[in-house]
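Visitor: Please choose one part of this model and take me through it closely, at a pace that suits a first-year student.

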Amino acid sequence: MMSCQLTLKNLIRIAVAAMLLAPLYSMADDASRNKEISERFAKCDTNKDGKLTLDEAKGCMPRIYDHFSKIDAQNKGYVTVAEIQTMAAR
């Protein structure tokens with residue numbers, strides 16, 4: 001009986017630790033995702049103006065191309081890395 005209680009206590013401790021650490025893993029995932037987006041954006045932004053047009057996204061970032069009008073809600077004709085990162089976080 002003692003080993004069963006010890007195991008249950010350990011499981012509870014592990015569960016609590018996992019719940020407390022989960023936001024840290026999420027932040028790491030967000031940072032990793034944002035870094036990847038920034039790197040791909042930089043490669044696709046052929047004129048290096050900090051703006052990605054539909055043409056620039058076409059062959060380089062197909063998911064951005066497919067959802068361009070949703071990301072470019074103000075119809076500026078371009079999207080920024082911050083707008084893409086915001087959309088990806090949703």
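Guide: Let us begin at a ring: Lys76 lies over the face of Tyr78, at 5.0 Å from the ring centre. A charge counts as sitting over a ring if NZ of Lys or CZ of Arg is within 6 Å of the ring centre and within 35 degrees of the ring normal. The charged end of Lys51 also sits over the ring of Tyr78, 4.7 Å from its centre. Please keep in mind that this is a predicted model, in which local features need pLDDT of at least 70 and side-chain atom pairs count only at pLDDT 80 or more, while totals for chains, interfaces and linings use all residues. Residues are numbered from 1 along each chain as its sequence is written, and side-chain values use heavy atoms, with hydrogens and water left out.

To place this ring in the fold, it helps to know that the protein chain has five helices and two strands, where helices (H or I, at least four residues) and strands (E, at least two) are DSSP runs numbered from the N terminus. Read from the N terminus on, the elements follow the order α-β-α-α-α-β-α.

Now look at the loop between α4 (68-71) and β2 (78-79), where Asp72 has its place. With a relative accessible area of 4%, Asp72 is buried; buried means under 20%, exposed means over 50% and partly exposed lies in between, with a 1.4 Å probe and protein chains only. The side chain of Asp72 reaches the backbone nitrogen of Lys76 at 2.9 Å, so Lys76 appears here for a second time, having already been met over the face of Tyr78. Not counting residues up to four places away in sequence, Asp72 touches Gly77, Tyr78 and Val79, where contact means heavy atoms within 4.5 Å.

Asn75 is found in this loop between α4 and β2 too, but at 64% relative accessibility it counts as exposed. Its backbone deserves attention, since Asn75 has a positive phi of about 55° although it is not a glycine. Most residues other than glycine have a negative phi. Lys48, in the loop between α1 and β1 (52-53), likewise has a positive phi of about 55° without being a glycine, and Lys48 is exposed, with a relative accessible area of 56%.

From Tyr78 we can move on to Leu52, for Tyr78 is among the contacts of Leu52 once its neighbours within four places in sequence are left aside. The others are Phe41, Cys44, Asp45, Ala57, Met61, Ile64, Phe68, Gly77, Val79 and Ile84. Leu52 also belongs to the largest nonpolar core, which has eleven residues, the others being Ile37, Phe41, Cys44, Ala57, Met61, Ile64, Phe68, Ile71, Val79 and Ile84. Such a core is a set of buried Ala, Val, Leu, Ile, Met, Phe, Trp, Tyr and Cys residues joined through side-chain atoms within 4.5 Å. Of the elements, α1 (2-44) and α4 each supply at least two residues of this core, and the largest share, three residues, comes from α1. For the chain as a whole, buried residues make up 17% of the 90 residues.

One more residue can be related to Tyr78 by distance: Asp55, in helix α2 (residues 54-60), is 23 residues from Tyr78 in sequence and 9.5 Å from it in space, C-alpha to C-alpha. Asp55 counts as exposed at 67% relative accessibility, whereas Asp72, which touches Tyr78, is buried.

Finally, follow helix α1, where Arg33 has its place and where Asn34 lies as well. Arg33 is partly exposed, with a relative accessible area of 24%, and Asn34 counts as partly exposed at 23%. The C-alpha atoms of Arg33 and Gln85, 52 residues apart along the chain, are separated by 8.1 Å, and, not counting residues up to four places away in sequence, Arg33 touches Gln85, Ala88 and Ala89. Asn34 and Ala88 are 54 residues apart in sequence and 8.5 Å apart in space, C-alpha to C-alpha. Over the protein chain, residues 24 or more positions apart account for 37% of the contacts with a separation of 6 or more.

Key. A polar contact is a pair of N or O atoms within 3.5 Å; within protein, one must be able to donate a hydrogen and the other to accept it, and residues adjacent in sequence count only if both atoms are side-chain atoms.
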